[in-house]
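Reader: I would be grateful for a close look at a single part of this model, the ligand site together with the backbone features to be noted beside it. Please treat it as one connected account.

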Amino acid sequence: MSKLSVKHLLDIKKLESEDIQLILDTAKEFKEVLNRPIKKVPTLRDITIANLFFENSTRTKLSFELAEKRLSADVVNFSAGSSSVNKGETLIDTVNNILSMKVDMVVMRHARPGAAQFLSQHVDASIINAGDGRHEHPTQALLDAFSIREKLGTLQGIKIAIVGDIVHSRVALSNVLLLKKMGAEVMVCGPTTLIPKYIDTLGVRVEHNLQIAIEWCDVANMLRVQHERQDLKYFPSIAEYRAQYGLTMEHLDGLNKPILVMHPGPINRGVEITSEVADSEHSIILEQVENGVAVRMAVLYLLAEKRKLGNS
Ligand code: NCD
């Protein structure tokens, strides 16, 4: 397969395993480009991309912007804080105004689940979801999968434990959906209150004991507690969360096998992982960030190709 089956990247749910394979293989080629002395290619010279961030972001926003610039696209940036959204403009009006300036693709982060999907039905641009509330974060799952595949050679049969705040995490849902499509075994681990009730429908193992989870897995993906999405208290205190679900060097030293430690960032050092773990040889956290640029280049390139096809 050389073309995506989708016109937008809204979620992992709608991707075929062949789409995922194509994105990961294309990202591998772009990673090679990024390691050359001249990191820029003219591929998207005729494309204009708007990055619309209605929610805070550091890594994802910079990563998309770099990916776009490495592909020679024209780029405009928009952050909700400084925009007319605060004056009562609707999402469709905001975006249509931006699109009337001849924008081809929109990368959007929004607090509302389904915002990217909604936009894709109302505007004529390729939409990439950079995180919609607690729903999905497809490019994060793709870069996580790329990083695992790069280290372990495959995703098929690999055991991945996703640890922490599963219920509020778009990273967790996108990772579970992607890893299952690619034949990995997935476990989620955390306190009962942070595991969603619909978890049984996803075909994953559920574990509440971190020690058992790390003994089982090849890869531990440690998630941040999403305090900003919690209207209630889901566990007694940070100290108790850390004691039960914080990954330490003692955990890793006690294992009779190496495991990879991942984290989508931002890390709360000393909560879900200690500083020693984050900076240890087990950790591939900075490699994930590096791979993010190549994966986003692949997504932008493949969607632009699909767009050309649609317009011709
Ligand atoms: C994540 C997000 O925003 O969903 N971060 C990211 O995109 N790298 C995870 C988080 O905020 O904890």
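Author: P266 is found in the loop that runs between β9 (260-262) and α10 (275-278). In this predicted model, the peptide bond that joins G265 and P266 is cis, with omega at about -5 degrees. Most peptide bonds are trans. Both G265 and P266 are among the residues around the ligand, as is P264.

The rest of that shell comprises R59, T60, R109, H137, Q140, R170, V171, R224 and Q226. Two helices each supply at least two residues of the shell: α2 (59-70) and α6 (170-181). Sorted by class, the shell has 3 nonpolar, 5 polar and 4 charged residues.

Where does the ligand lie with respect to domain 1 and domain 2? Domain 1 (17-137 + 292-306) and domain 2 (138-289) both give residues to the shell, so the ligand lies between them. The space that the ligand takes is the largest pocket.

Three side chains may be singled out for their distances to the ligand. For R170, an N or O atom of the side chain is 2.7 Å from an oxygen atom of the ligand. For H137, the corresponding distance from a side-chain N or O atom to a ligand oxygen is 2.8 Å. For T60, an N or O atom in the side chain is 3.0 Å from an oxygen atom of the ligand. As for coverage, the ligand on its own has 320 Å² of accessible area, and the protein covers 93% of this.

One further backbone feature concerns the loop between α2 and β2 (74-79), in which S72 lies. The phi of S72 is near 65 degrees, a positive value in a residue other than glycine. Most residues other than glycine have a negative phi. The helix α2 that precedes this loop is one of the two named above as each supplying at least two residues of the ligand shell.

Methods:
Residues are numbered from 1 along each chain as its sequence is written. This is a predicted model: local features need pLDDT of at least 70, side-chain atom pairs count only at pLDDT 80 or more; totals for chains, interfaces and linings use all residues. Side-chain values use heavy atoms; hydrogens and water are left out. A residue is near a molecule or strand if one of its heavy atoms lies within 4 Å of it. A polar contact is a pair of N or O atoms within 3.5 Å; within protein, one must be able to donate a hydrogen and the other to accept it, and residues adjacent in sequence count only if both atoms are side-chain atoms. Accessible areas come from the Shrake-Rupley method with a 1.4 Å probe; for residues, only the protein chains shown count as cover. On a 1 Å grid over the protein atoms alone, a cavity is a set of points where a 1.4 Å probe fits but cannot get out, and a pocket is an open set with protein on both sides within 12 Å along at least five of seven lines; lining residues have an atom within 4 Å of a point. A molecule sits in a cavity or pocket if more than half of its atoms lie within 2 Å of its grid points. Helices (H or I, at least four residues) and strands (E, at least two) are DSSP runs, numbered from the N terminus. Ala, Val, Leu, Ile, Met, Phe, Trp, Tyr, Cys and Pro count as nonpolar, Asp, Glu, Lys and Arg as charged, and the others, Gly among them, as polar. Domain bounds come from an automatic or database domain assignment.
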